[in-house]
Amino acid sequence: MAMYFRIKCGADKYRQEIWLNIGRKENMKIACNYYKETIELLREGRITLDYVKVPALGFQYDCYKAPGADKAAGLAELKKEIQRIQEVVPVLLHGFGPQDYNMASDRFRPEFDKELAAQIIGITKTPELSGHLALGNRMKQELYTRERIKELAVENIRFIRELFPEISHLAIENMDGNP
């Protein structure tokens, strides 16, 4: 059994808590959400990571915003940012686009933008995908049985695996929000 512990590193400018999961290096890779401060710490040699997860927040890039956003401009912006980040550390794609990307969401597949996700995967050259195994942002938990939530999660994970077979791993996180 791999052991790990969590370190609360503070909060970002949006008051989102920043946690670092630390484990035995030979058993796991260490990734942290992307923030400019993270890259500064990496450049200064104050921390070491195997990856940064991009985006840390869905609204960091225009291509992740609601339908109707200028995806081409947003993708160009994302590409420039990814190139800057990859000068320091590899990128792990965190999320799949502007839709409700929580893996137990009932809207995950119907709102999934396959073309955008493929373009983002190509830009990031991510070796893995990372997503949240939580209910959708707009779902009312009391309307779903535990079994239905599990079914949705499994269906959505299979959907991603079938859509992107070249991706070697699918990292599932934030499972604590599910019953």
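**View 1. Cys32 and Val52 are bridge partners where E3 meets E4**. In this predicted model, Cys32 finds its partner Val52 in E4. E3 and strand E4 (residues 51-54) run parallel here and share three bridges. Two strands count as paired if DSSP finds at least two bridges between them. Strands (E, at least two residues) and helices (H or I, at least four) are DSSP runs, numbered from the N terminus. Residues are numbered from 1 along each chain as its sequence is written, and side-chain values use heavy atoms, with hydrogens and water left out. Because the model is predicted, local features need pLDDT of at least 70 and side-chain atom pairs count only at pLDDT 80 or more, while totals for chains, interfaces and linings use all residues.

**View 2. Five strands line up in an open sheet**. Read across, the order is E3-E4-E5-E6-E7, and the pairing is parallel. E3 (31-33) and E7 sit at the edges, each pairing on one side only. From one strand to the next, the twist averages 30°. Helix H2 (residues 71-86) lies across E4 and E5, and its direction makes an angle of about 165° with E4. Those angles run from 0 to 180 degrees between N-to-C directions, with axes fitted as lines to C-alpha atoms, for helices over the stretch in contact. For the wider setting, the protein has four helices and seven strands, and from the N terminus they run β-β-β-α-β-α-β-α-β-α-β.

**View 3. Strand E6 is largely enclosed by the rest of the structure**. Five of the five residues in E6 (residues 128-132) are buried, so the strand has the rest of the structure around it. Buried means under 20% relative accessible area, exposed means over 50%, and partly exposed is in between (1.4 Å probe, protein chains only). Which way do the residues of E6 point? Glu128, Ser130 and His132 go one way, and Leu129 and Gly131 go the other. In a regular strand, side chains alternate between the two faces of the sheet. On one pairing, E6 runs parallel to strand E5 (residues 91-94) over two bridges, with Leu93 opposite Leu129. On another, five bridges tie E6 to strand E7 (residues 169-173), again in parallel.

**View 4. Glu128 is a buried residue of E6**. The relative accessible area of Glu128 is 19%. In E7, its bridge partner is His169. What does Glu128 touch, not counting residues up to four places away in sequence? The list is Leu92, Leu93, Ile167, Ser168, His169 and Ala171. A contact here means heavy atoms within 4.5 Å.

**View 5. Phe164 belongs to the largest nonpolar core**. A nonpolar core is a set of buried Ala, Val, Leu, Ile, Met, Phe, Trp, Tyr and Cys residues joined through side-chain atoms within 4.5 Å. This one has 33 residues, and those touching the most other members are Val52, Val54, Ile85, Leu129, Ile160 and Phe164. Two or more residues come from each of helix H1 (36-43), E4, H2, E5, helix H3 (114-124) and helix H4 (146-163). H3 gives the most, with five. Leaving aside neighbours within four places in sequence, Phe164 is in contact with Phe112, Lys114, Ala117, Ala118, Ile121 and Leu129.

**View 6. H3 has its buried residues on the same side**. Buried in H3 are Leu116, Ala117, Ile120, Ile121, Ile123 and Thr124. They cover an arc of only 165° around the axis, so they share a side of H3; the arc is that of the directions from the helix axis to the C-beta atoms. Their cover includes H2, E5 and E6. After H3 comes Lys125, in the loop between H3 and E6. Is Lys125 buried or exposed? At 64% relative accessibility, Lys125 counts as exposed. Its phi is near 55°, a positive value in a residue other than glycine.

**View 7. H1 has a buried side and exposed residues on the face turned away from it**. Thr38, Ile39 and Leu42 are the buried ones. Their arc around the axis is only 95°, which puts them on the same side of H1. They pack against E3, E4 and H2. Lys36 and Arg43 are exposed on the face turned away. Gly45, with a positive phi near 75°, follows H1.
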